[in-house]
Amino acid sequence: MEPLFTNRVANSGLVTLNLEEFIHAGERVLYDIKDNLFHGLILREKDFREFIKTHDWAQYDGQNVAIICSADAIVPTWAYMLLAIKLQNHAHRYVFGDLGALEQSLFEEAIAGLDAEEYRDAKVVVKGCGEKPVPTFAYVAIMQKLLPVTSSIMYGEPCSTVPLYKKPKAAVIE
């Protein structure tokens, strides 16, 4: 007996790419250097170096750290560099900037690790809706990675897509 319904989506050859899977599982932490300022105004080198030596850096193991200074103070660049040195052996990722900059860096890292060849000549649907929010910049970044290799890119769900790109047919030379 023939099936009552044909699943055209399953038979379409579409490859679904879910950017939610690119969200790093590690905790996000905001490190505000204002807590190291003397009277909330200046960074004293001797005190900061002592803090750097004695602080428990293991608490950042596997975490993702955004480093900022929310105070209106002049913080020398070397202070941020010292924080980076200590975070290097503990944090999964650290950036100078807010949590948005950290999230962008994490997505850039994940997308850079994607093997675009797996999508060569594929019809790709970049999943649009999900349980977790995916920042818009991640959708733009994935386009840069996929455009050179895919045959087409759509946005949405395999059953309801918005066509975005179709590789031009090669010109026939006579």
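**Close-up views of a predicted model**

**View 1. A salt bridge between strands 5 and 6 of the predicted model.** The side chains of Glu157 and Lys127 meet in a salt bridge, with 3.4 Å from N to O. Glu157 belongs to strand 6 and Lys127 to strand 5, so this pair ties together parts that are 30 residues apart in sequence. Glu157 counts as partly exposed, at 24% relative accessibility. The bridge partner of Glu157 in strand 7 is Ser160.

**View 2. The open sheet of four strands.** The strand order is 1-5-6-7, and the pairing is mixed. Strand 1 (14-17) and strand 7 (160-166) are the edge strands, each pairing on one side only. On average, neighbouring strands are turned by 30° against each other, direction ignored. Six bridges join strand 6 (residues 152-157) to strand 7 in the antiparallel sense.

**View 3. Helix 4 on the sheet strands.** Helix 4 (residues 136-146) lies across strand 1, strand 5 (123-127) and strand 6. The helix runs at about 165° to strand 5.

**View 4. The salt bridge of Asp121 with Lys167.** The closest N and O atoms of this pair are 3.5 Å apart. Asp121 lies in the loop between helix 3 (99-112) and strand 5, and Lys167 in the segment after strand 7, so the pair ties together parts that are 46 residues apart in sequence. Asp121 is partly exposed, with a relative accessible area of 48%, and Lys167 is partly exposed at 36%.

**View 5. A salt bridge within helix 1.** Glu45 and Arg49 lie four residues apart in helix 1 (residues 45-54), about one turn of the helix. Their closest N and O atoms are 2.9 Å apart. Glu45 is partly exposed at 41%, as is Arg49 at 40%. The whole structure has eight salt bridges.

Key
Residues are numbered from 1 along each chain as its sequence is written. This is a predicted model: local features need pLDDT of at least 70, side-chain atom pairs count only at pLDDT 80 or more; totals for chains, interfaces and linings use all residues. Side-chain values use heavy atoms; hydrogens and water are left out. Two strands pair if DSSP finds at least two bridges between them. Helices (H or I, at least four residues) and strands (E, at least two) are DSSP runs, numbered from the N terminus. Axes are lines fitted to C-alpha atoms, for helices over the stretch in contact, and angles run from 0 to 180 degrees between N-to-C directions. Contact means heavy atoms within 4.5 Å. A salt bridge is a side-chain nitrogen of Lys or Arg within 4 Å of a carboxyl oxygen of Asp or Glu. Buried means under 20% relative accessible area, exposed over 50%, partly exposed in between (1.4 Å probe, protein chains only).
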